[in-house]
Amino acid sequence: MAKTLSFRDARADDVATLVKLLSDDPVGRTRESDAPQDATTYHAAFAAIDGDPNSRLIVATQGDCVIGFLQITVIPGLSYRGTRRALIEDVRVAAGHRGHGIGAALMRHAEALAHADGCGLVELFAHEDRTAAHRFYEAQGYAASHRGFRKRLG
């Protein structure tokens, strides 16, 4: 019998698993690290997200195993007549669990959270090299409507 898919807020003891999920693709491997000296940085980032009332890390679990996650941040907005929007980032599903609807279920869960929080719009960004992710988001009803820009500071 297949284990039930559940969702919950991430906990500090999930951080190492989340970092592994972030690292599990060609883009993530170039910027993430599971080195012990980096654990403090990731735990500090988790604490900052966990302490922000507008941000959440949501994990997908089967049994006791974390198999996916995403970050959702609610942003008050002036445009679109003051529409609140949700920004979804870092959507990841463990390699052995991809292709089974887990990512789609995780996105639907995040959308329901955003709607319940009064958001009228959901936005997300995907690295230009993640073509499979682009196809996934389009299949979930998202349109590639904007061009993103990024600048590193410091």
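User: What makes a residue count as buried here?

Analyst: Buried means under 20% relative accessible area, exposed over 50%, and partly exposed in between, with a 1.4 Å probe and protein chains only. By that cut-off, 33% of the 154 residues of the chain count as buried. Mind that this is a predicted model: local features need pLDDT of at least 70, side-chain atom pairs count only at pLDDT 80 or more, and totals for chains, interfaces and linings use all residues. Residues are numbered from 1 along each chain as its sequence is written, and side-chain values use heavy atoms, leaving out hydrogens and water.

User: Why does the radius of gyration agree with a compact globule?

Analyst: The rule is 2.2 Å times the number of residues to the power 0.38, with the radius taken over C-alpha atoms. For 154 residues that gives a value near 15 Å, and the chain has 16 Å, so the two agree.

User: What makes the largest nonpolar core a core?

Analyst: A nonpolar core is a set of buried Ala, Val, Leu, Ile, Met, Phe, Trp, Tyr and Cys residues joined through side-chain atoms within 4.5 Å. The largest one has 20 residues, and L70, I72, I88, M107 and Y137 touch the most other members. Helix α5 gives the most, with five residues. There's also a second, separate core of 14 residues, including V15, V19, L22 and L57.

User: Which residues is M107 in contact with, neighbours within four places in sequence aside?

Analyst: Contact means heavy atoms within 4.5 Å. On that basis M107 is in contact with L70, I88, V91, L124, F136, Y137 and Y142.

Conventions:
Helices (H or I, at least four residues) and strands (E, at least two) are DSSP runs, numbered from the N terminus.
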